[in-house]
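Hello,

Here is the structure I said I would pass on. My notes on the aromatic rings and a pocket follow below.

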Amino acid sequence: MLENNAFCMKCSRCCYNTEMILTRQDIERIEKRGYKGFYKKSGGFYRLVNINGRCIFLGEDGKCTIYNDKPLGCGVYPLIYNEEKGVIIDDYCPLSREIDCLELIRGISELRSVLKELENTYNYRVDWRLFEKSSIKLIERCFKK
């Protein structure tokens, strides 16, 4: 979502101790690049592996080594789906308050696609009413400025 932001490209804070869930598409796309052993099953999902607290794909220069093929969830971060609150912007991201309205709307649409893929991959059930309600609440902030 913020992938074109220069600070985001240097920060990599979200790449430490990541619990990023991978979709079937993510795994297939990354395996096609020749990678193996980059995920593990945890909490009922396949997730990215961390090595010494860092995402397996975080390079020494602090940049993602598979950026063009990164997991779908990485692409929508800092938007996340919280099962109790719905769609939220993760305050852990230093740019969480800098998301503009266009990025927010696009990100919500992309997050919807990611969640549908998680439903297909894991039989995960999304509370779509909560998703819509929380999305509208976030978008309404754009009109209150």
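Y122 is buried: its relative accessibility is 16%, and the cut-off is under 20%. This is in a predicted model. The ring partner of Y122 is Y46, which counts as partly exposed at 30%. Their rings are tilted, with 45 degrees between the planes and 6.4 Å from centre to centre. The pair joins distant parts of the chain: Y46 is in strand 2 (residues 45–48), Y122 is in helix 4, and 76 residues separate them. K41 also lies over the face of Y46, 5.0 Å from the ring centre.

The wider ring picture comes next. The whole structure holds 9 aromatic pairs. One of them is F38 with Y39, at 5.0 Å between centres. Their planes meet at 70 degrees, and over 60 counts as edge-to-face, so that is the label for this pair. F38 is buried at 0% relative accessibility, whereas Y39 is partly exposed at 27%. Ring pairs tie Y35, F38, Y39, F45, Y46, F57, Y122 and Y124 into a cluster.

Another charge sits over a ring: the charged end of R13 is 4.1 Å from the centre of Y92.

Now the pocket. The second largest one has a volume of about 260 Å³. It is lined by 13 residues, and I89, S96, R97, L138 and R141 are the closest to its centre. Strand 6 (86–89), helix 4 (101–122) and helix 5 (128–143) each give two or more residues to the lining. Helix 5 has the largest share, with 3 residues. By type, the lining has 7 nonpolar, 5 charged and 1 polar.

Best wishes

Key
Residues numbered from 1 in each chain as written. Predicted model: local features only at pLDDT ≥ 70, side-chain atom pairs only at ≥ 80, totals over all residues. Heavy atoms only, no water. 1 Å grid on protein atoms, 1.4 Å probe; cavity = no way out; pocket = protein on both sides within 12 Å on 5 of 7 lines; lining within 4 Å. Points joined across faces, edges and corners; volume = space filled by probe spheres on them. Helix = DSSP H or I, 4+ residues; strand = E, 2+ residues; numbered from the N terminus. Nonpolar A, V, L, I, M, F, W, Y, C, P; charged D, E, K, R; others polar. Phe/Tyr/Trp six-rings, centres within 6.5 Å; stacked < 30°, edge-to-face > 60°. Buried < 20%, exposed > 50% of the residue type's maximum accessible area, 1.4 Å probe, protein only. Lys NZ or Arg CZ within 6 Å of the ring centre and 35° of its normal.
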